[in-house]
Amino acid sequence: MQHLHQGTTLQGGKYQIEHMLGQGGFGITYLAEQNQLKMKVAIKEFFIHDLCIRDDTANVRTLTQADMVDRYRKKFFKEAQMIARFNHPGIVRVTDIFEENNTVYYVMDYLEGESLADIIKENGPLSERTAVRYIKKVADALDYIHQSNVNHLDIKPANIMIRRSDDEPIIIDFGVSKQYDEQKDQATTTPPGVSNGYSPLEQYEPGGVSTFSPQSDIYALGATLYKLLTGNTPPKASYLLNEGLPPLPSHISPQVCKAIEWAMQPRRNDRPASVKELMRMMSAAGPEETLFAAPREEERDSRGGVDDVATPYDDGKKRRVLIAVIVALLLIIVTGGYYMLKTNEPMDNADSKQTTSNVNPPEAADGSNPAGAQDSPTTDNDAIQPSAEIEDVSTSADVSEVAADTPLPPKSHINLDGSFYNQKGSWPVKFDIQVNNCKISGTYRNVSQNVSMKVVGRMYDDGSMEIYDNNSILSVNLHKTDRNVYEGQATSGTTTLQVRLEE
C-alpha cells in the first residue's frame, strides 16, 4: 500500500481522507475533509516513493538510506513552517502541521481549479495578454518570497494553480525550496531537485544554489512564460548555453520576447537581478494601465471614455468626416483669396496668428528623433522620468475657459501619426483630433494594441498642444518643430516617453 485509503482518519478523526490528488518525489497529496468545520482541505504527506514503504497499519517505514530520509523529513517539516509564515494571496496557505504514522503531514487550503500545465495540455498556448497577467501575479508572489531569502527552485506550470473562482494564479509545492540565512547562505544542505526545461544551469551543479539568488527563480519564471505562450517545454539549460533560445513565434510582442530571452540567459549574472527588474521590462506588454496596453475590461465599463477596438465602420465614418472638413476648408480658402483680390488689403495680423497650420517655430534644441531607437525595449530601470519643466496636466483643467483676449484658432481637423519612444524602443500611435476655439477633442489610438481612447486638451497660439484623457492615464505635451511635425513627451503613470508625430 503506497497511499492512504479513502476513509482513513488523521488526528483523532479531525481529518478524513477522501482520495489521493497526486504524488511527487517527496510526498503524496490528498483531498480530505476537516470534519469539525465541514471544509475541504489538501493534506500533504512526507513519503519518498523509492525509499519508503507503508505497512498494514498505515505507518511509514524507511527501506534504505535512513539518514538521508531523515534529513529530507526534517526539511519537509521546515517547509511547512516556512509556508505557514507567508501571508500572500499568490501563495498557498498552510493551516496545520503534525506528525503521525511515523511521518509528517501538513494541511493546506484546497484550491479548486487546474494547474497551468493542465490548462496548456487541454487548450494549447495562452494569449499573450492572459499569459502576461498570470506571470505578473506569480512574479509578485515570488518577489514576496525572495524578501524572506527563500528560493522556490521549482517554478513551472505544474506548480501554479489557477483558482476557478477568481482566475487567480497560486504558487504551490515548496518541496525543493531553500531557506537562506541573513548572510544569504543556505540553511539546509539537501541537494535541490531539477525540472528539465525550467531549472537553470546552476541548479544542476553541486553547490550551485548554496547562496541566495533570485536569478534562479527568474530563469524558471521566464521558462514558464515561454511554455504558456508556445505550448512547448523550453530546451534544457545546457542546450541554451550552446545553441541559444529557439526563435519565439512572430505574434509575440518584442517586449515579451526580450523579457523571456533576458530571464533565460544561461549565465546567472546575465539575468535580471530581481523579479521587479524583469517586470519593469514587461510593463510595456502587460494589461496594466500604461501607454502601451488596453484598459482592463472592468475599467472599460467605468470610464465611459474608452472606445472599443476600432472597426472598419468607424474608419469609414472618420474618412467621410475628414472629406467634409477638407471640402469646407477649401471653400474657406477660395472665398478668402477672392476677398483679398477684390479689396487688395492684407488680412489682419490677429487673423494670421490664428492659423496654426502655418506656424513655424525654430527647430527643437535636442534634435530628438526615434529613428535611433532599438527595435524592442529591455528594462524600464532607466526609464525617462517626468521632467520638472513640463506642467502637469490635470483632468480638473477646464479647457473651455479661455481668456477673452486670447486669439482663437479656427476650427480644424488634424490627424497625427507617429510614435512614443525612448532609447530602448518605440510604439506606433495615432491621434485623430478636432480643434475648435483652442479646445481639443478626439481619439488616441494605440496601433500595436489596436485600442482607442477619447482625449481632450487645448492648443496654444504657437501650435503647441496639451492632450490628455479624462482618467489621468495619458498626458501628452507637444510643440511644433516644423510645418507638419510635433515633438514632446507622453506620460502614463510613472513612465515618460518622447513623442514624434507628423500631420
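**Note on the predicted model**

1. Start with the aromatic cluster. Tyr15, Phe98 and Tyr105 are joined into a cluster by ring pairs. Keep in mind throughout that this is a predicted model.

2. The wider aromatic picture. Across the whole structure, a search finds 10 aromatic pairs. One pair to look at is Phe431 with Tyr444: the ring centres lie 5.3 Å apart and the planes meet at 45 degrees, so this pair is tilted. An angle under 30 degrees would count as stacked and one over 60 as edge-to-face, which is why 45 degrees falls in the tilted class. The pair links distant parts of the chain. Phe431 belongs to strand E15 (residues 425-436) and Tyr444 to strand E16 (residues 439-446), with their positions 13 residues apart in the numbering. Both Phe431 and Tyr444 are buried.

3. Overall make-up. The chain contains 11 helices and 21 strands. It has 503 residues, and 46% of them count as buried. The exposed area is about 25,100 Å², with carbon and sulfur atoms supplying 49% of it. Take the contacts between residues at least 6 apart in sequence: 57% of these join residues at least 24 apart.

4. Helix H1. This helix covers residues 66-85, 20 residues in total. At 1.5 Å a residue, H1 should span 28 Å; the end C-alpha atoms are 29 Å apart, so the two values agree. Which residues of H1 are buried? They are Val69, Tyr72, Arg73, Lys75, Phe76, Glu79, Ala80, Met82 and Ile83. Note that the list includes Arg73, Lys75 and Glu79.

5. Phe212. This residue sits in the loop between helix H4 (201-204) and helix H5 (214-230). Is Phe212 buried or exposed? Its relative accessible area is 12%, and the cut-off for buried is under 20%, so Phe212 is buried. Val150 is 62 residues away from Phe212 in sequence, yet the C-alpha atoms of the two are 7.2 Å apart in space.

6. The packing of H5 on H8. Helix H8 runs over residues 275-282. The axes of H5 and H8 come within 10 Å and cross at roughly 35 degrees. The crossing is right-handed. Which residues meet here? From H5 come Ile218, Leu221 and Leu225; from H8 come Val275, Leu278, Met279 and Met282.

Definitions and conventions
Residues are numbered from 1 along each chain as its sequence is written. This is a predicted model: local features need pLDDT of at least 70, side-chain atom pairs count only at pLDDT 80 or more; totals for chains, interfaces and linings use all residues. Side-chain values use heavy atoms; hydrogens and water are left out. Helices (H or I, at least four residues) and strands (E, at least two) are DSSP runs, numbered from the N terminus. Buried means under 20% relative accessible area, exposed over 50%, partly exposed in between (1.4 Å probe, protein chains only). Contact means heavy atoms within 4.5 Å. Accessible areas come from the Shrake-Rupley method with a 1.4 Å probe; for residues, only the protein chains shown count as cover. The expected span of a helix is 1.5 Å times one less than its number of residues. Rings of Phe, Tyr and Trp (its six-membered ring) pair if their centres lie within 6.5 Å; planes under 30 degrees apart count as stacked, over 60 as edge-to-face and the rest as tilted. Axes are lines fitted to C-alpha atoms, for helices over the stretch in contact, and angles run from 0 to 180 degrees between N-to-C directions. A crossing is left-handed if the near helix is turned anticlockwise from the far one by less than a right angle, and right-handed if clockwise.
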